[in-house]
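User: Hi! Could you walk me through this structure in plain words?
Analyst: Happy to. Here it is.

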Amino acid sequence: MSPDDRIEVPADVLQFTDVSVTFATDDASPVGPAVDGVTLALRRGEIFGIVGESGSGKSTLANAVMGLLPGTATVTGSILVNGREVVGQDDAQLRSMRGDEVSMIFQDASASLDPTWPVGDQIAETIRAHRLIDRREAKARATALMTEVGIPDAADRYGDAPHRLSGGQRQRIVIAAALANDPQLLIADEPTTALDVTIQAQVLELIDRLRTVHGTTVLLISHDLGVIAQVCDRVGVMYGGVLLEVATARELFRAPKHPYTRALLAANPAGAPRGTRLPVIPAAWSIESLSEAELLAQAKEAER
Amino acid sequence: MSVQTQLERVAPITTPRARRRSSTRFLLGGGALLGVLAILAIAAPLLAPHDPEAVVVREVLGAPSFDHPFGSDVLGRDVLSRVLYGLRVSLLVSVSAVLVSTIIAVPLGLLAGYFGRWVDTTISRTLDMILVLPAMLLAITFIAILGPGSAVAALAIAVIYLPILARVMRSSTLIVTRNEFVVGARARGAGHLRVIVSHVAPNAMGPVIVQASVLSAFALQLEAGLSFLGLGTQPPTPSLGGMLSDGRDVLVQAPWVEIFPGLAIVVAVLAFTFLGEGLRRAFDPKGVAE
Amino acid sequence: MTSRLAFVARRVLLTIPVLFVMSIVVFLIIRLVPGDPVRTMLGFRATDANVAEVRHQLGLDQDILTQYLNWAGALFRGDLGSDIVSHAPLSELLAQRLPVTFELTGLAIVLAVAIGVPLGIRAATGGRWVKRLTEGFVVFGISIPDFWLGIMLVLLFTGTLAILPPSGYVPFADDPVNNLRYMILPVLTLAVGEAAYILRTTRSALTGVLDRPFITFLRAKGLSTRRIVSGHALRNAAPAIVTVIGIQIGVLLGGAIIIETLFALPGVGRLVVTAITQRNYPAVQAGVLAIAVTFIVVSLITDILVGALDPRVSDGKST
């Protein structure tokens, strides 16, 4: 690669342009797209939160970046990672990107680790999958990462099987494995949902700290407004596959523009005055009460 | 590339309707096949063209012909007639063995699964003792003690499958017992016996029926194997395993003597296997049966 | 590491009651025979004095507890009594016959694993046609009685092709080449059915593992599919596969009884069948004992292996 080929400081780490995802089903009944025309750009070094209820398409969007959608999914539009197109890439190209340029962590860390492998080796293998370094070096680097994510006595714990660690520690191992190659983008899909509240805060702090130290851009997906409020710089609200509103976290929480966002914020139990009934998302916005078509129409209308 | 397809199939998209359709296909196929075999076996005296035990010297090792579609054996007996009668014995022995085993295993599994604790421990550990020996060896041990014969073979098969059937019944009882309607029935003051008979048993039977069907296929092979060794059904009564043993020395001159009885076993085993697979898809989606 | 040792020790101790139950079953074989076992054994021409002598020889004239203790004591010294027909010590007879059975079942399980595991991996990861073909092999292998498959193989290889002997045996030490020639058909016969079971287990265990979330994380880490299957999925599926191989060795030992008779191999299985027809009870006991002990030892090794493969089992975290 000659220096001229290099794109001059790609401004955005991740850029979605009119991205839609549809799933084929075997009984041919038409189902609306799971992600519908999302356009969005992430700035270098920010933590961008995507908030939405389950079924809003936020996880599908994240998996589309990694090329981890099932074979039944069709992705249209353009997803640029550091200016390089992801949509339509073959598996070998995607593989060299995954775990290196872009990493992803998932909801349940206990389920994300191979139960039969020592935890340290699961970090080291990410490095060895992308770098030509020997076993000993990878091990040293993995141990250092374990220390960095806050595992005490990392060298001693290196050989432990996952079930010997606590849930919070396992999530730290997963984060260490994801960050092993200093990715420019980390996608965290509900990273703290399976954890206790106190450990949740610690893991979020860890992600925030690592972002600051390594300059990693983070796409944080959550249904939990508390989590979003705690660490995100900007927030996107998704509903029925559509990205309804993008704003800085501060703006969004102070002056939500979209009626759905207002309903979502109002339904946050933390904001409810003591002794009153807990607020809920109005029935008109509840996914259960609407047919797929109605839901989309409503979301589209609101968008305009 | 092909490896990729599996990995990309993160969630298998099978609708309940598709599952029902595939289970119906197996149920119909297996059931129809088994029905035909059962009719052939029951009506053997009417259908058999010849007396299965009639020795006809000039017909010895006759090739398949219009009069003897499956040929004739070492003693000039009609192979088709013997296959029909042999099927009768094989099905009778294996089905009755599994039936008896199921009838004993169901209450044992129900008790173990419903009451748990020492009841479970006693029943399970006692039945485990049967599994100390491999199935075939246990059957042979029975025959060593009681002498050869179809009845002993059936008894041995029934005993061998008892722990398997009881274990399946126990597991499905455990699952059903945790259900709300059972807890609810107890809370409304229903007695144990009533709860077991009217709530637990009917809902826990699925997997054990599946298992019984699958085991019938194995029982059939086991019975044929024992008869082949001369330890099961005794001559002159025709049995599929016994016919295979009789024709071994003339295999190359008269392969029909060996081919047709063997095919009959394979078809019967397939019938039970398909039926079991259909039943499994319909009644045991969780895969409790082994 | 100490927990590993404790796990092995616990599992070894567990075989003691199993061996005890098994010994009682074998002990009772002769004693449960309806009527007078000695009379049955010797036939109706035997004189009363003769019957009394053999009864005394077998210790059947003592009370049952003494009988068991004497019998078990002799067993520990390696004394299995002597054959009623040939009068040879049964321990010598077993020493001749066990190697034949071990060779047959050992080769068969190796062949079955060599066919079943790779095909199972292909079945779990392959396309539609691979899945259909392997499923066909499974149904074929499970539904065909092994002895009939053996007969059909004889028909093909000695009848039509005339390249292999139909039956017989020479010890490996005397003539290795012919020993293996005699072993080909029996081993193949036994292995096909077992391979089908091992294929099916490998396929379902691997399919189950490939659906688990940690596989997605491995893909997200950028690992190749080959690496995920060989390094992680197989490793996780291994305990289930090894367990079934252990169980199938039991089935194989049972199958060997028929196959040894079919191919005239002088193994323990054939010993037992012949002894039953001759009402040679001490020989039946010795044969059943030898096969049962083999089976128990194999189960023990299998369980220890499974414990070594899955750290959660040896830590006692799951069953």
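User: Where in chain B is B:Val55?
Analyst: B:Val55 sits in the loop between α3 (44–47) and α4 (79–115) of chain B. Helices (H or I, at least four residues) and strands (E, at least two) are DSSP runs, numbered from the N terminus.

User: Before we go on, what should I know about the model and the numbering?
Analyst: This is a predicted model, where local features need pLDDT of at least 70, side-chain atom pairs count only at pLDDT 80 or more, and totals for chains, interfaces and linings use all residues. Residues are numbered from 1 along each chain as its sequence is written, chains are lettered from A and ligands numbered from 1 in the order in which they are written, and side-chain values use heavy atoms, with hydrogens and water left out.

User: Cool. Which residues make up the nonpolar patch with B:Val55?
Analyst: B:Val55 is joined there by B:Val57, B:Val60, B:Val74 and B:Leu75, and together they have about 410 Å² of accessible area. Patch residues have over 30% relative accessible area and no salt bridge; like charges are joined within 9 Å, and nonpolar side chains (Val, Leu, Ile, Met, Phe, Trp, Tyr) within 5 Å. The areas come from the Shrake-Rupley method with a 1.4 Å probe, and for residues only the protein chains shown count as cover.

User: Switching to chain C: how many of its residues are in contact with chain B?
Analyst: 51 residues of chain C are in contact with 45 residues of chain B, where contact means heavy atoms within 4.5 Å.

User: And how much area is buried there?
Analyst: About 4100 Å², with carbon and sulfur atoms giving 77%. Buried area is the accessible area (1.4 Å probe) that two parts lose on being put together, summed over both. On the chain C side, C:Phe147, C:Trp148 and C:Ile276 lose the most area to chain B, together 14% of what that side buries.

User: How many salt bridges cross between chain C and chain B?
Analyst: Zero. A salt bridge is a side-chain nitrogen of Lys or Arg within 4 Å of a carboxyl oxygen of Asp or Glu.

User: What about chain A and chain C, how many there?
Analyst: One salt bridge crosses that interface. A:Glu125 pairs with C:Lys221, and the closest N and O atoms are 3.1 Å apart. Among the elements of chain A, α4(A) gives the most to the side that touches chain C, with five residues.

User: How much do chain A and chain C bury?
Analyst: They bury about 2200 Å² between them, 56% of it on carbon and sulfur atoms.
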